Amino acid sequence: MKRVHSTPRPGWQAYAESLGFQFHTIDGEPYWDESAYYQFSLRQIEQDLEDVTEQLHAMALDLIPDILADEQKLDQLAIPADYRDALAESWRRGDPHLYGRMDLVYDGSGPAKLLELNYDTPTSLYETGFFQWVWLEDQLMRGELPAGADQFNSLQDKLEQAFANLALPQPFHFTSVRESIEDKGTVDYLLDIATQSGVDGRYIALEDIGSLDGQYYDLQGEPITGLFKLYPWEFLLEEAFAEQVKTSQTLWLEPLWKLLLSNKGILPLLWQKHPGHPNLLESHFDNGSALDKGWLRKPLFSREGANIELVTADGKRLSESGPYQDAPFIRQRLQPLPIFDGNYSLIGSWVVGDSAAGIGIREDNSLITKDSSRFLPHIILD
């Protein structure tokens, strides 16, 4: 694994916008960055990332029956009591799931370590599944990449297969909050994939969803019998219309049972069941005491590095502010992100259904990966 400097494509910003990538630059700072790429060997991809991703995914799913059978675990995960029966029924019913992303720390040698699961509303989908593949093809054609370069990226193909194979009600709605350009771009991408797979997909802003007599409705008064939501379950269950989750005939993507796996509390539960596993980091539910050197603290529900606090092995303390300060926390042994050319890199490894489907790389100048962190493409070369 190495970071390789690269010549950006001329006019790539305008090209990105023509393809619907409106958030390539955020607040004047680059989000998509093709001034460099990461290079992996096929062995690193297949053995250290692909196989590990599927093993960790299976371990996480295997935990769900244990959690549902234990009220203490549900308490530790802060699952709202009013929705526990509905969540358990969602799992027993076999409500289908579409995708997820796990964040891994990996430097090209030694086992990849799981930092967390983003299994409800994972982002960086479009840039992983589509735009970095377009970059690969363009750069190969321009001679900017070595002949034979490939990419670990079957994300779009597997999403198309998943939508074709899932028995989804028709029409099937897709939603996000109205004002988020990034969320809308991600949902538009998924809606396009679903439509190409034969789904009668329709977009509705989250704010426009109505409810009546225990069922959700769109603006045309049609019942919403299927809904992909890029909106976290823990937020949705606090909304005024959340009570209809228990009574509606809506098939949700992601399903309600994903609330268990998108929760940072899954990390100490994994460690309890698999202590010492080479791809796990020691994790515990936080007891409120001061952090020791070499540990970090993060909320059960947080995104993009918000409210993370860490103390490095040499005693340096770092933290990020955010809206999750009142949530329960976990603590996890600190595995510092590897540094390449002065940049801390994080690997996002995607799962579609139960199969590994590709990776994306995020970079930051800090040990804490945030919403402002850059996205860089990658290649496989042997």
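A crossing of two helices is called left-handed if the near helix is turned anticlockwise from the far one by less than a right angle. I begin with that convention since I will come back to it for one helix pair, and I should say at the outset that what we are looking at is a predicted model.

Let me start with the chain as a whole. The protein has 10 helices and 22 strands, and its radius of gyration is 21 Å, close to the 21 Å that the globule rule gives for 382 residues, so the protein is as compact as a globular protein of that length. Taken along the principal axes, the box filled by the C-alpha atoms is roughly 60 × 50 × 35 Å. Of the 382 residues, 58% are buried, and if we consider contacts between residues at least 6 apart in sequence, 70% of them join residues at least 24 apart.

Now to the helix pair. Two packed helices are described by the angle between their axes and the distance between the axes. For helix α5, residues 125–141, and helix α7, residues 181–196, the angle is about 55 degrees and the axes lie 9 Å apart. That angle makes α5 oblique to α7, and the crossing in which α5 passes α7 is left-handed, in the sense I gave at the start. On the α5 side the residues that meet α7 are Leu-125, Tyr-126, Gly-129 and Phe-130, and their counterparts in α7 are Thr-186, Tyr-189 and Leu-190. Sorted by class, this contact comprises 5 nonpolar and 2 polar residues, with no charged ones.

Let me turn next to helix α4, which spans residues 84–92 and in which Arg-84, Ala-86, Leu-87, Ala-88 and Ser-90 are buried. What, then, covers the buried residues of α4? The cover includes α2, residues 42–68, together with α3, residues 71–76, and α9, residues 258–261. After α4 comes Gly-94, which has a positive phi, near 75 degrees.

The last stop is a single residue, Glu-234, which is found in helix α8, residues 233–236. Is Glu-234 buried or exposed? Its relative accessible area is 9%, and because the cut-off for buried is under 20%, Glu-234 counts as buried. Leaving aside residues up to four places away in sequence, Glu-234 touches Asp-120, Leu-259, Phe-301 and Arg-303. One of these, Leu-259, falls within the residue range 258–261 of α9, the helix that I named a moment ago as part of the cover over α4.

Definitions and conventions: Residues are numbered from 1 along each chain as its sequence is written. This is a predicted model: local features need pLDDT of at least 70, side-chain atom pairs count only at pLDDT 80 or more; totals for chains, interfaces and linings use all residues. Side-chain values use heavy atoms; hydrogens and water are left out. Axes are lines fitted to C-alpha atoms, for helices over the stretch in contact, and angles run from 0 to 180 degrees between N-to-C directions. Helices (H or I, at least four residues) and strands (E, at least two) are DSSP runs, numbered from the N terminus. Angles under 35 degrees count as roughly parallel, over 145 as roughly antiparallel, 65 to 115 as roughly perpendicular and the rest as oblique. Contact means heavy atoms within 4.5 Å. Ala, Val, Leu, Ile, Met, Phe, Trp, Tyr, Cys and Pro count as nonpolar, Asp, Glu, Lys and Arg as charged, and the others, Gly among them, as polar. The radius of gyration is taken over C-alpha atoms; the globule rule is 2.2 Å times the number of residues to the power 0.38. Buried means under 20% relative accessible area, exposed over 50%, partly exposed in between (1.4 Å probe, protein chains only).
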